[in-house]
Each structure stands twice: as C-alpha cells, then as structure tokens.
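Work through the exercises below with the sequence and the 3D structure at hand. Each task is followed by a solution in steps.

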Amino acid sequence: MVFHSFYLILLVPAILLSLYAQFKVQSTFKKYLTVNNSKGLTGAMVARTILDRQGMPDVEIEQVDGYLSDHYDPQTRTVRLSPEVYNGTSVSSLGVAAHETGHAIQHNIRYLPLSIRSILVPIANISSWTAIPLIIMGLIIQQIGLIIIGIIIFSLAVAFQLITLPVEINASKRALAILSDGFLTPDELKHTKKVLSAASMTYVAAGTVAFAEFLKSILQFFNSRND
Ligand SMILES: [Zn+2]
C-alpha cells in the first residue's frame with residue numbers, strides 16, 4: 001500500500017519531470033541552433049580562446065561524434081565537442097562549448113564538488129547492477145549485511161547524482177559570465193541562457209528521480225523488516 005501511493009506521489013512525477021526536461025533541452029538547443037552569433041565564432045574557436053585566456057593551453061579540444069555528446073574528459077584533459085557545437089556558430093553551440101570549458105576550469109582550480117563527483121564515478125557506474133540485486137538478495141536470504149552494503153552503494157550513487165547539480169550549474173554560470181565578456185551581445189546571451197537553463201533542468205530531474213528511488217529502497221527495507 002505504502003509503495004503504491006509512494007510511486008504516485010513522488011516517483012511518477014519525478015520520472016515525468018525527467019522526460020519533460022530531456023525533451024525541453026533538446027528542443028531549446030535545436031531552436032537556438034538557428035540563431036547565429038554576430039561575430040561568426042564557432043564553438044571550437046570560443047573554447048580555444050577561453051582555455052588560452054584561463055592559462056590552460058595544454059587542454060585539448062576535439063570533435064566527437066554524436067548529438068549533444070559534448071563533455072570534458074578529466075583523464076586526458078580534453079574538451080570534446082559534438083559536430084554541431086564544434087563547427088557551429090549558433091548561440092546554442094557557443095553556450096555548450098563554454099559550458100564544457102567551465103568543467104575544464106573547475107578541474108584546473110580543483111573545484112570541490114567536481115573532485116567529490118570524480119571520486120563517486122566508479123561507485124555510480126557499478127550501482128545499477130549491484131545495489132538493488134544486493135538488497136533483494138539480502139531480503140531473500142535474510143542477510144542484513146548484504147542489504148546494508150546495497151543501501152550504502154545506492155546512497156553513494158544518489159550522492160553522485162546530487163553533487164552533479166552544483167557542478168553543472170556552476171559550469172553554466174561560468175560559461176555565461178565568460179560569454180558576456182566580449183563573445184556574445186546581451187541579446188544573444190539571453191538565448192544562450194535559455195539553452196543552459198534547460199540543460200540544468202535535466203540534472204535537477206535526474207537528481208529527483210535518483211532521490212525518489214533511494215527513498216523507495218529505504219521504505220522497502222523497513223517494510224520488509226516489519227513483516
Ligand atoms: Zn556539464
């Protein structure tokens with residue numbers, strides 16, 4: 001009974017929010033792909049200029065296949081930009097390019113939330129196929145140790161999702177501040193802000209889903225103990 005109302009009240013809206021956020025970021029990005037910046041700068045040019053200005057000429061910029069596949073790789077200190085962003089001159093392209101350099105800057109200055117997030121990456125990677133199976137197995141064979149290990153892994157995976165939020169919002173904040181300094185006009189910047197805000201929404205939604213699923217597993221645990 002508890003689970004049914006729980007699903008309806010928290011998890012279902014969280015999942016719907018997440019789907020909506022993904023749709024919103026794709027559509028906003030696409031919409032502003034048609035608005036070019038007045039200086040004719042490409043994402044790659046802007047990223048290179050930002051990194052050089054920040055004293056990071058050794059951080060590489062590469063083009064990577066895929067749609068919205070842009071990311072910063074801290075292992076190789078490389079900013080990888082999708083074709084639309086790397087070659088694009090739209091306000092969307094510049095926003096994403098500047099956002100990824102924001103992550104490179106965070107890495108360079110050892111921004112604490114990013115450092116914590118990096119530590120949690122391996123746990124987040126194994127959590128999907130370890131946490132729930134451990135909890136279920138623990139419930140079946142009545143081993144509380146397994147359940148606790150499962151819940152710890154799950155908690156750290158949720159922590160990973162939650163710490164992603166300040167990391168992403170901070171990278172976008174840096175991107176907008178940098179772009180306002182000679183790259184984009186105030187009007188162009190408004191459009192870029194919409195694209196980056198839509199992107200932040202997807203992380204808020206992912207964090208909410210992760211938190212809701214975490215609560216669900218905790219409830220399941222206590223419910224089974226009461227049986
Ligand atoms: Zn990011």
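A crossing of two helices is called left-handed if the near helix is turned anticlockwise from the far one by less than a right angle, and right-handed if it is turned clockwise. The model used here is predicted.

**Exercise 1.** Describe how α5 and α6 pass each other, and state which classes of residue form their contact.

Solution.
- Step 1: The axes of α5 and α6 come within 6 Å, and they cross at roughly 145 degrees.
- Step 2: The crossing of α5 with α6 is left-handed.
- Step 3: By class, the residues in this contact are 26 nonpolar, five polar and one charged.
- Step 4: α5 covers residues 112-140 and α6 covers 144-179, and the loop between them holds Q142.

**Exercise 2.** Compare the expected span of α4 with the distance between its end C-alpha atoms, and find how many of its residues are buried.

Solution.
- Step 1: Helix α4 runs over residues 91-108, which is 18 residues.
- Step 2: At 1.5 Å a residue, the helix should span 26 Å.
- Step 3: The end C-alpha atoms of α4 are 25 Å apart, which agrees with that span.
- Step 4: A residue is buried if 20 or more other C-beta atoms lie within 10 Å of its own.
- Step 5: In α4, 16 of the 18 residues are buried, so the helix is largely enclosed by the rest of the structure.

**Exercise 3.** Which residues of the largest nonpolar core touch the most other members, and which helix gives the most to this core?

Solution.
- Step 1: The core has 50 residues, and V46, A47, L94, A97 and A98 touch the most other members.
- Step 2: Elements that each supply at least two residues include α1 (2-31), α2 (43-53), β3 (78-81) and α7 (186-226).
- Step 3: The helix that gives the most is α6, with twelve residues.
- Step 4: Leaving out residues up to four places away in sequence, the contacts of L94 include N37, L41, V46, L179 and F183.

**Exercise 4.** Where do L68 and Q142 lie, and is each exposed or partly exposed?

Solution.
- Step 1: Most residues other than glycine have a negative phi.
- Step 2: L68 has a positive phi of about 50 degrees, and for Q142 phi is near 60 degrees.
- Step 3: L68 sits in the loop between β1 (60-63) and β2 (71-73), whereas Q142 is in the loop between α5 and α6.
- Step 4: L68 counts as partly exposed because it has 16 C-beta neighbours inside 10 Å.
- Step 5: Q142 counts as exposed because it has 9 such neighbours.
- Step 6: Another positive phi, near 55 degrees, belongs to R110, which follows α4.

Note on methods:
Residues are numbered from 1 along each chain as its sequence is written. This is a predicted model: local features need pLDDT of at least 70, side-chain atom pairs count only at pLDDT 80 or more; totals for chains, interfaces and linings use all residues. Helices (H or I, at least four residues) and strands (E, at least two) are DSSP runs, numbered from the N terminus. A residue is buried if 20 or more other C-beta atoms lie within 10 Å of its own, exposed if 12 or fewer, and partly exposed in between; C-beta atoms are placed from the backbone. Axes are lines fitted to C-alpha atoms, for helices over the stretch in contact, and angles run from 0 to 180 degrees between N-to-C directions. Ala, Val, Leu, Ile, Met, Phe, Trp, Tyr, Cys and Pro count as nonpolar, Asp, Glu, Lys and Arg as charged, and the others, Gly among them, as polar. The expected span of a helix is 1.5 Å times one less than its number of residues. A nonpolar core is a set of buried Ala, Val, Leu, Ile, Met, Phe, Trp, Tyr and Cys residues joined through C-beta atoms within 7 Å. Two residues are in contact if their C-beta atoms, placed from the backbone, lie within 7 Å.
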